[in-house]
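The following paragraphs lead the reader through one protein model, helix by helix. Please keep the sequence and the structure in view while reading.

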Amino acid sequence: MAEEYLGWTEELRTGHTVIDTQHRLLFSIFETMEKQIEPAEVGAILNELVHYAETHFRDEELLMAQIGFPGMGDHQRLHHRMLSEVRTLAEEHSRGKLSDWVRTKRYLHDWLRDHILKEDLAYIRFEIDQRKSKDL
Ligand SMILES: [Fe+2]
């Protein structure tokens with residue numbers, strides 16, 4: 001079975017330039033995951049994902065706070081849960097307990113894709129509406 005492409009696709013564009021740039025970077029990590037099959041490199045790439053996701057989630061949360069997005073608390077909880085999942089995966093890998101890498105990288109990719117399409121678009125639409133109503 002051919003592997004699903006894990007990189008950036010146009011459907012993921014939110015229309016927010018800064019957020020889209022950061023999302024592209026995260027998907028470039030997934031794209032690297034498709035190539036990095038050396039077990040020794042898996043740990044490094046999971047740690048890279050934790051690092052960039054932390055920065056990105058923090059920026060999103062700052063933006064949500066600035067615009068007063070009502071769903072911020074729930075969104076923040078999703079971020080925290082995901083970060084702890086990725087940290088757990090990195091830790092499992094370091095103990096040699098991460099068995100299914102193909103499934104893991106697909107899971108991480110699908111989580112972020114679904115999160116962008118549902119959760120991120122919600123606060124970005126809120127931000128765009130807010131900007132429009134100020135311009136009126
Ligand atoms: Fe988010």
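In this predicted model, helices H2 and H3 are roughly antiparallel to each other, because the angle between them, about 170°, is over 145. Their axes lie 9 Å apart. On the side of H2, the residues that make the contact include Val-42, Leu-46, Leu-49, Val-50, Ala-53, Phe-57 and Met-64. On the side of H3, they include Met-72, His-75, His-79, Leu-83, Val-86, Leu-89 and His-93. Some background helps in reading such a list: an α-helix has 3.6 residues a turn, so residues three or four places apart point the same way.

These two helices belong to a chain with 4 helices and 0 strands, and the order along the sequence is α-α-α-α. The C-alpha trace spans about 55 × 30 × 20 Å along its principal axes. Of the 136 residues in the chain, 19% are buried. Contacts between distant parts of the sequence are well represented: among those joining residues at least 6 apart, 71% link residues at least 24 apart.

Helix H2 covers residues 39–67. Its 29 residues reach 42 Å from the first C-alpha to the last, close to the 42 Å expected at 1.5 Å a residue. The buried residues of H2 are Val-42, Leu-46, Leu-49, Ala-53, Glu-60 and Met-64, and they pack against H1, H3 and H4. Just after H2, Gly-68 takes a positive phi of about 65°.

Ala-53, a residue of helix H2, offers a closer view of this packing. Is Ala-53 buried or exposed? Ala-53 counts as buried because it has 20 C-beta neighbours inside 10 Å. Leaving aside neighbours within four places in sequence, Ala-53 is in contact with Leu-26, Leu-83 and Val-86. The C-alpha atoms of Ala-53 and His-79 are separated by 8.6 Å, although these residues are 26 apart along the chain. Leu-49, another buried residue of H2, is in contact with Ile-29, Val-86 and Leu-108, when neighbours within four places in sequence are again left aside.

Helix H3, residues 72–94, has 23 residues and reaches 33 Å between its first and last C-alpha atoms, close to the 33 Å expected at 1.5 Å a residue. In H3, His-75, Leu-89 and His-93 are buried, and what covers them includes H2 and H4. Just after H3, Gly-96 takes a positive phi of about 70°.

Helix H4 comes next, covering residues 101–135. Its 35 residues should span 51 Å at 1.5 Å a residue, and its end C-alpha atoms are 48 Å apart, which agrees. There is a kink of about 40° in H4, centred on Ile-116. Ile-116 is also among the buried residues of this helix, which include Lys-105, Leu-108, His-109, Leu-112, Asp-120, Tyr-123, Ile-124 and Glu-127 as well. The buried residues of H4 pack against H1, H2 and H3. Arg-131, also placed in helix H4, is exposed, because 10 other C-beta atoms lie within 10 Å. Arg-131 and Ile-67 are 64 residues apart in sequence, yet their C-alpha atoms are 9.5 Å apart in space.

A second helix pair involves H1, which covers residues 17–35. How are H1 and H4 oriented relative to each other? Their axes cross at roughly 170° and come within 10 Å, and H1 and H4 are therefore roughly antiparallel to each other. From H1, Ile-19, His-23, Leu-26, Phe-30 and Met-33 make the contact. From H4, the contact is made by Lys-105, Leu-108, His-109, Leu-112, Ile-116, Asp-120 and Ile-124.

The nonpolar interior brings several of these helices together. The largest nonpolar core has 14 residues, and those with the most contacts inside it are Leu-26, Ile-29, Phe-30 and Leu-49. The elements that give two or more residues to this core are H1, H2 and H4. The largest share, 5 residues, comes from H1.

Terms used:
Residues are numbered from 1 along each chain as its sequence is written. This is a predicted model: local features need pLDDT of at least 70, side-chain atom pairs count only at pLDDT 80 or more; totals for chains, interfaces and linings use all residues. A residue is buried if 20 or more other C-beta atoms lie within 10 Å of its own, exposed if 12 or fewer, and partly exposed in between; C-beta atoms are placed from the backbone. Two residues are in contact if their C-beta atoms, placed from the backbone, lie within 7 Å. A nonpolar core is a set of buried Ala, Val, Leu, Ile, Met, Phe, Trp, Tyr and Cys residues joined through C-beta atoms within 7 Å. The expected span of a helix is 1.5 Å times one less than its number of residues. The bend at a residue is the angle between axes fitted to the seven residues ending there and the seven starting there. Axes are lines fitted to C-alpha atoms, for helices over the stretch in contact, and angles run from 0 to 180 degrees between N-to-C directions. Angles under 35 degrees count as roughly parallel, over 145 as roughly antiparallel, 65 to 115 as roughly perpendicular and the rest as oblique.
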